[in-house]
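Colleague: I have the model open and want to go through the contacts. Can you take my questions one by one?

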Amino acid sequence: MKRHLLSATDLDRESATLVLDTAEEMARLGERSIKKLPTLRGRTVVNLFYEDSTRTRTSFELAAKRLSADVINFSAKGSSVSKGESLKDTALTLEAMGADAVVCRHSGSGAPHRLAQWVKGSVVNAGDGTHEHPTQALLDAFTMRRRLGRIEGLRVTIVGDILHSRVARSNVLLLDILGAHPTVVAPPTLLPVGIEAWPTEVSYDIDAVLPKSDVVMMLRVQNERMTASYFPNVREYSRRYGLDARRVAALPDDAIVMHPGPMNRGVEIAAEVADSARSTIVEQVANGVSVRMAVLYLLLGGSEPAIGSPAAGSTEGERP
Amino acid sequence: MTDWLLRQVRPLGGDVVDIRIVGGVIAEIGPSLPEGDCSVYEGGSSLVALPGLVDLHTHLREPGREDAETVETGTRAAALGGYTAVHAMANTTPVADVAGVVEQVWRLGRDAGWCDVAPVGAVTVGLGGEHLAELGAMAESIARVRVFSDDGKCVSDPVLMRRALEYVKAFDGVIAQHAQDPRLTEGAQMNEGVVSARLGLAGWPAVAEEAIIARDCLLAAHVGSRLHVCHLSTAGSVEIIRAAKAKGWDVTAEVTPHHLVLTEDLAATYDPTYKVNPPLRTAADVEALRDALADGTIDVVATDHAPHPVEDKETDWTAAAFGMTGLETALGIVAETMVATGRLDWAGVADRMSIAAARIGRLADHGRPIAVGEPANLTLIDPDAAWTVDRAQLASRSTNTPYAGRSLPARVVATFLRGRPTVLDGKPA
Amino acid sequence: MSASVTPPTSPRATSAPEPPDGRSVLDPADVGRALTRIAHEILERTKGGDDLVLLGIPTRGVTIANRLAARIRAVEGLEVPVGSLDITMYRDDLRLRLPRALETTDVPGGVDHKLVVLVDDVLFTGRTVRAALDALSDLGRPRAVQLAVLVDRGHRELPIRADYVGKNLPTSRTQLVSVRLAEIDGSDAVVVGEAS
C-alpha cells in the first residue's frame, strides 16, 4: 500500500514511537566516521521545494544521502514550475522520473495532499502553507525525549504566531498523540478562530504558563504580521511574549527552550536565552537529520511503508 | 412552427391534464384533449410540468473564457437543466459594462436558441469598484438589462453602492450584490472556523458576508431602492434578510444549490472542486438556508454556475479557481434537499426556481402561470427518475461539478422554449 | 567502557520462530559446555585475547557474546569488550519485507586494529554474516574478523564459514532451528522443528 507522511495525525503513538526509536539509532551514525548506510541504494528521493528553505531541504538531502538514496533537488525557482507548470504536471514528471519519494515544501496548505493523489511514490510533507510540518514536530519530540527522557506527561508551551504556524499545528497534534500536554500562548490575534477544537490548552499570558512548563518552544514572528496589525509593534510583542532571561528564571530548573529556527534574536527570544544551556536549538538541527533518516527508512526501506497513512481525501472514484 | 400536445402531465404536481401548445403559446388545458395536428409528447401521468426555470446567476464565460464555457455550451446545459432563461453574469473579458458587450451576449444567446439569455450589466467600470458603468445605456440596449452586478467582486464602497441603488430606479433595475467585505477576506480560502483552523487554510468569516448585507439593506431602505443579494451562505445572512423583509424593505435574496447541500468538511480533501465563493459553510448554515428557502425569506435558487477548465482546478487548493458548475444539477439538488424533505412542494419549486427569479429579473415572458394564453415556456420533470451524475455526460464545457457520482432523485425530461422543444427525453432536441 | 551490553527487550526483537513440534537437540548443559569450549578456543587461537572485541548480532548473538566474555573473564581474568552490531540496514532482503525496527549498534572502543569476533546464534545461509561484514567495514578497519556461532545448521548460500562452532547440526532446509537462552527465553535450549 502507498503511504505518505502528510500530517502528524498520519501517525499513531506506536508508529510515532517507532520513528523516534529508529531516529535514535540513526543518530549514532552521525557519531561515526563513515556516516553512510547502504539501505536506500537505488531509491530516488525528490526534494520538491516551492518555497526557499535551505535549512529543511539540506536536512532532507543529507538524510537521504546518508541512506544512499539518489537525491534530486527540484526547486520551483528556475524550473518549469516557475514558468506556470501546474502541480499536477510536475507530479507526472516526477512520476516519470521514477521518484520513490517526493519531499514537498509548498506555500499552499494541502498541496502535498494533492500531490499524493497523483504520484505513485510516498509523499513527505516538508511544510505546507500554514498547515503542517510533521517532520519538524517529530524532531522536536525527539529532542524533548533525548533531553528529558520522556514525552508522555510533559507540559509543552508553544509561544508565538500560532495562526500562521505549521510547526505549531503539527506539534500540538503529535504531542497529543504522544501523551504530552501542549499549551499554546499568543496574542488573541495570532490564534485561529476554531482553535477550541485543537487538543491543547490556550493562554494569552506567557508569565502564567512558564512556571508550569517542562518545555517552552518559541516561534518566529514575522515583521509582516506587525504591518497587518496582528500586534502594534515588535517592541510590544517582545515585551509581552518574548522569552528573556527574566522569564527563563520562572521556568522549572530542568525545563528546556526550543526554537524551530530561523530565530529573530531580540524579538521572540533573547540572545542570551538562545545561547544558554537550556537551549536545544543547535541539537534540533542535528536531530532533524536523524528523524528524517528514520522517516525515509520507514517509508522506503522495505517492501512497503511501515508508517504513514494512505492519501487522505482521495476524491470520487471516476478519477484514475 | 410545430404545435405540441403534452399528454398526461401534472402542472405544478397537481392533477393530470393535457396541454396544447399552439404558436408558442399555451392554447388549451384539459383532460384528454383531441390530438389534432399536434406532435404528441406522452407524459405518462407522472411528469410534473413547471414554468420554464429561470436562473438569476449564470457564468457563461463568453466573451473571453471560451475554454471554460461559451454561450452555446452554457445555454445548452441550461436547457438540459430545465431552464428557459438565464442571467449571464458580467465578469467576462471584456467586462459587460457597456451596451456593446451586453448586446453581443444577448445576440449569442438568441442565435444559440437554447434559452433566453438576459445579460447582467456590471455595476462599475471593469468591475473596478470605482466608477459607475453605463447602466442606463445597458438598460436601453436591445439586451434590456435590468439586473446589475459586479459578481465575483463586491461593491464595497458604500457611497458607490448607494449611488448604484439609486440610479437604477430610473429604469426599474436592481443591484445584485456579491456580499463579501474585501478586507475581511484577503487571501481567504474557506469558511473560517474549526475546519479552517485544522486545515491551515485562510478563513473567510461569515461576518464578511453579513456585514455587507446588513449595510446594503440599510442603504436600500434609506434610498427606497430594490436590492438583491446573491448567494446567501450563512445563517446570519438569513437573519438579516428576514429582518429586512419584516420591515417591508424591497430586498430579495438567492441561495445556490450547493449551499443547500454541501458543507465545509469537504475542504478536508483539499480537492478544489469544493472551492467556491462564497465558501461552503457549516451544517447549521445549510439547515438555516433550507428553512429560509422554504419560508420565502430566500426568494430564489440561483445556480452560480461557474465553469472552469480542468487546469484551473487540478492544482493545489490555494492556487485553484473558485466555483462549481450547477445548471444541470440544480433541479435534482432542490428535489433532494427541499422536495424529498417535504419543505417545498412542486408549486414551491416553481416559485423559487422560476416565478420569483423572473420577477426579480423583470423577464415578462418567463415565470408565468401554466394557463391558456401564456407563453409556452415549460419544463417537464420526472420526479421519480433517479440518475447518477457523470462528468462525461454533462453538457457544460467544464467538468467542475461537485456531484460526480452522486445520485439525484429527479430529472428534467423536456424543456419547451416558447413552444419549441429544446430538450426531449432528457436529450437536446 | 561497558563490558556488557543489555540486549533490547522489545517483543519485536525477541520473536524467534517457534517450531510447532520442536525437538530439543541441545539441553542447558549442552549449551553451557559448547559456550565454554568456544571461549577456550577463542583464547587459544587469539593467543590470550589481546585486542579482542566480541561483537554480537542482536538479539541472541549479543547474549551469547556476553556469556563468552564472562567465561573468558572467569578463565583469564580478562575484560573483553562486548558490543552489539545491528545489521538491519545492510540486509539484502530489506525490500522483501516491512521495514524492521532497528537494533542497537554499540561498539565500545571501536574496531580499528582490533581482532573482532562476530557472534551469532545460528549460522544458516551466511547472508546475515555477509551483512555484518559490510556493517563492520563502515565502522572501521579491524585487524582481523572471526565468526563464532552456537549452531551451524549448514545450507550456506555464500562462501562463509565459522571459526568457532558450538554444535554442527544437520538439518533440512525447511526445518526451523530456534536457540533459546535463559536471559531472553527463560531457559537454554536448541530446538529443531518442522515448518508448519
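**Interfaces and a sheet**

Modeller: Between chain A and chain B the count is two salt bridges, a salt bridge being a side-chain nitrogen of Lys or Arg within 4 Å of a carboxyl oxygen of Asp or Glu. This is a predicted model: local features need pLDDT of at least 70 and side-chain atom pairs count only at pLDDT 80 or more, while totals for chains, interfaces and linings use all residues. Residues are numbered from 1 along each chain as its sequence is written, chains are lettered from A and ligands numbered from 1 in the order in which they are written, and side-chain values use heavy atoms, with hydrogens and water left out.

Colleague: Which side chain does B:Glu314 meet in a salt bridge?

Modeller: A:Lys88, with 2.9 Å from N to O. On the side of chain A that touches chain B, the elements giving two or more residues are α3 (87-96) and α4 (111-118) of chain A. Of these, α4(A) gives the most, with five residues. Helices (H or I, at least four residues) and strands (E, at least two) are DSSP runs, numbered from the N terminus.

Colleague: How many residues of each chain are in contact there, A and B?

Modeller: 27 residues of chain A and 22 residues of chain B, where contact means heavy atoms within 4.5 Å. The buried area is about 1,900 Å², and carbon and sulfur atoms give 49% of that. Buried area is the accessible area (1.4 Å probe) that two parts lose on being put together, summed over both.

Colleague: Now chain C and chain A. What is the count of salt bridges?

Modeller: Zero. There are eight residue pairs in polar contact between chain C and chain A, both residues at pLDDT 80 or more. A polar contact is a pair of N or O atoms within 3.5 Å; within protein, one must be able to donate a hydrogen and the other to accept it, and residues adjacent in sequence count only if both atoms are side-chain atoms.

Colleague: And what area do chain C and chain A bury between them?

Modeller: About 1,800 Å², with 56% of it on carbon and sulfur atoms. In chain C, the residues that lose the most area to chain A are C:Met89, C:Arg95 and C:Pro99, together 38% of what that side buries.

Colleague: Switching to chain B alone. How is chain B divided into domains?

Modeller: Domain 1 covers 4-48 + 374-428 and domain 2 covers 52-361; the bounds come from an automatic or database domain assignment. Their centres, taken over C-alpha atoms, are separated by 26 Å. The contact takes 37 residues from domain 1 of chain B and 46 residues from domain 2 of chain B.

Colleague: Which residue forms a salt bridge with B:Asp116?

Modeller: B:Arg418, the closest N and O atoms being 2.7 Å apart.

Colleague: Last topic, the sheet in chain B. In what order do the three strands β6, β7 and β8 come, and is the pairing parallel or antiparallel?

Modeller: The order is β6-β7-β8 in an open sheet, and the pairing is parallel; two strands pair if DSSP finds at least two bridges between them. The edge strands, each pairing on one side only, are β6 (53-58) and β8 (116-119) of chain B.

Colleague: How many bridges join β6(B) to β7?

Modeller: Four, with β7 spanning residues 83-88 of chain B. B:Asp55 stands opposite B:Val86 in β7(B).
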